[in-house]
Amino acid sequence: MQNHIYYIRYALRFADMQIPELVTVFNSQVQNRGWSSMRAFHNQALIDEFQRRGIDTSAITDGHTINFAHPIIYDLQENKLTFIS
């Protein structure tokens with residue numbers, strides 16, 4: 001997937017964003033039940049960018065699936081993403 005042109009385009013765009021912007025992008029996908037290959041490239045590039053920055057993403061992904069059921073926040077102290085309660 002990471003060699004696909006659309007994944008690369010999303011990855012480059014996300015690399016230029018600040019963490020709050022990435023969180024906003026994630027939260028814009030919450031409860032979105034539509035699916036396409038473009039969304040798959042988008043979502044994987046987004047998760048990969050969080051992980052590239054060393055952010056703990058265990059609340060939203062198990063490495064195989066991504067959970068878009070709830071919005072998230074970034075916990076700077078813990079350097080991880082958590083669901084908004």
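This text walks through a few residues and elements of the structure, one after another. The model is predicted.

Start with Ala 11. This residue sits in helix H1, which covers residues 5–15. Is Ala 11 buried or exposed? Neither label fits, because its relative accessible area is 22%, and buried means under 20% while exposed means over 50%. Ala 11 is therefore partly exposed.

What does Ala 11 touch? Leaving aside residues up to four places away in sequence, Ala 11 touches Ala 45 and Glu 49. Phe 68 gives another point of reference. From C-alpha to C-alpha, Ala 11 and Phe 68 are 19 Å apart in space. Along the sequence, 57 residues separate the two.

Now follow the contact to Glu 49. Glu 49 lies in helix H3, residues 37–52. Its relative accessibility is 5%, so Glu 49 counts as buried. The cut-off for that label is under 20%.

Glu 49 also carries charge pairs. Side chains of opposite charge can pair when their charged atoms come close. How many salt bridges does the structure hold? There are 2. One joins Glu 49 to Arg 52, with the closest N and O atoms 2.6 Å apart. Both of these residues belong to H3. They are 3 residues apart, about one turn of the helix. Arg 52 has a relative accessible area of 56%, so this residue is exposed.

Glu 49 forms a salt bridge with Arg 53 as well. Here, too, the closest N and O atoms are 2.6 Å apart. Arg 53 has a relative accessibility of 26%, so it counts as partly exposed. The salt bridges share partners, and they join Glu 49, Arg 52 and Arg 53 into one network.

Next, turn to the strands. Strand S1 spans residues 72–75, and strand S2 spans residues 80–83. Which way do they run, parallel or antiparallel? S1 and S2 run antiparallel, and 4 bridges join them. One pair to look for is Asp 75, which stands opposite Lys 80 in S2.

S1 and S2 form a hairpin. Between the two strands lie 4 residues. Look at Asn 79 in the turn: this residue has a positive phi of about 55 degrees.

Definitions and conventions: Residues numbered from 1 in each chain as written. Predicted model: local features only at pLDDT ≥ 70, side-chain atom pairs only at ≥ 80, totals over all residues. Heavy atoms only, no water. Buried < 20%, exposed > 50% of the residue type's maximum accessible area, 1.4 Å probe, protein only. Contact = heavy atoms within 4.5 Å. Pairing = 2+ DSSP bridges. Salt bridge = Lys/Arg side-chain N within 4 Å of Asp/Glu carboxyl O.
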